[in-house]
Amino acid sequence: MADFTRHELHPRGRIDHTLPPCSWDYLDPGGKDWLDNLALATCGNGHTCRIVSRVHTIAADGTLRPSYVCPYCSYHTTVRFVGWHQ
Ligand SMILES: [Zn+2]
């Protein structure tokens with residue numbers, strides 16, 4: 001289990017932003033395909049990608065299901081988005 005901390009982007013996160021390793025932020029609801037966007041997150045090796053509702057759900061305590069699999073490297077773990085509330 002890895003705890004990802006929130007890294008607030010200003011303005012709110014867009015899909016072309018990058019975040020520090022093991023962090024997350026909400027995505028701009030006005031962005032493209034926003035209905036599918038849950039969050040933006042970065043793996044332990046610094047790759048930022050979108051978390052989308054077609055693949056994941058995020059529990060009330062921030063636990064991501066299924067586990068986080070980075071599309072760019074071998075990072076694969078159960079992740080909790082600390083501070084998540086939706
Ligand atoms: Zn990665």
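**Ala 41 and the sheet around it**

Leaving aside residues up to four places away in sequence, Ala 41 touches Phe 4, Trp 24, Cys 49 and Ile 51. The model examined here is predicted, and this small set of neighbours offers a friendly way into it. Ala 41 lies in strand β3, which spans residues 37–42. Of the residues that Ala 41 touches, Phe 4 falls within β1 (residues 2–6), Trp 24 within β2 (residues 23–25), and Cys 49 and Ile 51 within β4 (48–52).

The contacts of Ala 41 thus lead to the overall make-up of the protein. The protein contains nine strands and zero helices, and its pattern along the sequence reads β-β-β-β-β-β-β-β-β. Five strands make up an open sheet with mixed pairing, in the order β4-β3-β2-β1-β9. At its edges stand β4 and β9, each of which pairs on one side only. On average, neighbouring strands of this sheet are turned by 30° against each other, with direction ignored.

The individual pairings can be followed from one edge towards the other. Strands β3 and β4 run antiparallel and are joined by five bridges; Asn 37 has Val 52 of β4 as its bridge partner. Further along the sheet, β1 pairs with β2 in the parallel sense over two bridges, and here Arg 6 is partnered by Trp 24 of β2. Strand β1 also pairs with β9 (residues 79–81), again in the parallel sense, over three bridges. In that pairing, Ala 2 has Val 79 of β9 as its bridge partner. In general, strands of a sheet pair through backbone hydrogen bonds, in either a parallel or an antiparallel manner.

Attention now turns to the interior. The largest nonpolar core has 16 residues, and those with the most contacts inside it are Phe 4, Trp 24, Ala 39, Leu 40, Ala 41, Leu 64 and Phe 81. Strands β3 and β9 each supply at least two residues of this core, with β3 giving the most, at four residues. Ala 41 therefore counts as buried, because a nonpolar core is by definition a set of buried residues. Both Phe 4 and Trp 24, which Ala 41 touches, are likewise listed among the core residues with the most contacts.

Two figures describe the protein as a whole. Of its 86 residues, 24% count as buried. Among contacts with a separation of 6 or more, 28% are between residues 24 or more positions apart.

Conventions:
Residues are numbered from 1 along each chain as its sequence is written. This is a predicted model: local features need pLDDT of at least 70, side-chain atom pairs count only at pLDDT 80 or more; totals for chains, interfaces and linings use all residues. Two strands pair if DSSP finds at least two bridges between them. Axes are lines fitted to C-alpha atoms, for helices over the stretch in contact, and angles run from 0 to 180 degrees between N-to-C directions. A residue is buried if 20 or more other C-beta atoms lie within 10 Å of its own, exposed if 12 or fewer, and partly exposed in between; C-beta atoms are placed from the backbone. Two residues are in contact if their C-beta atoms, placed from the backbone, lie within 7 Å. A nonpolar core is a set of buried Ala, Val, Leu, Ile, Met, Phe, Trp, Tyr and Cys residues joined through C-beta atoms within 7 Å.
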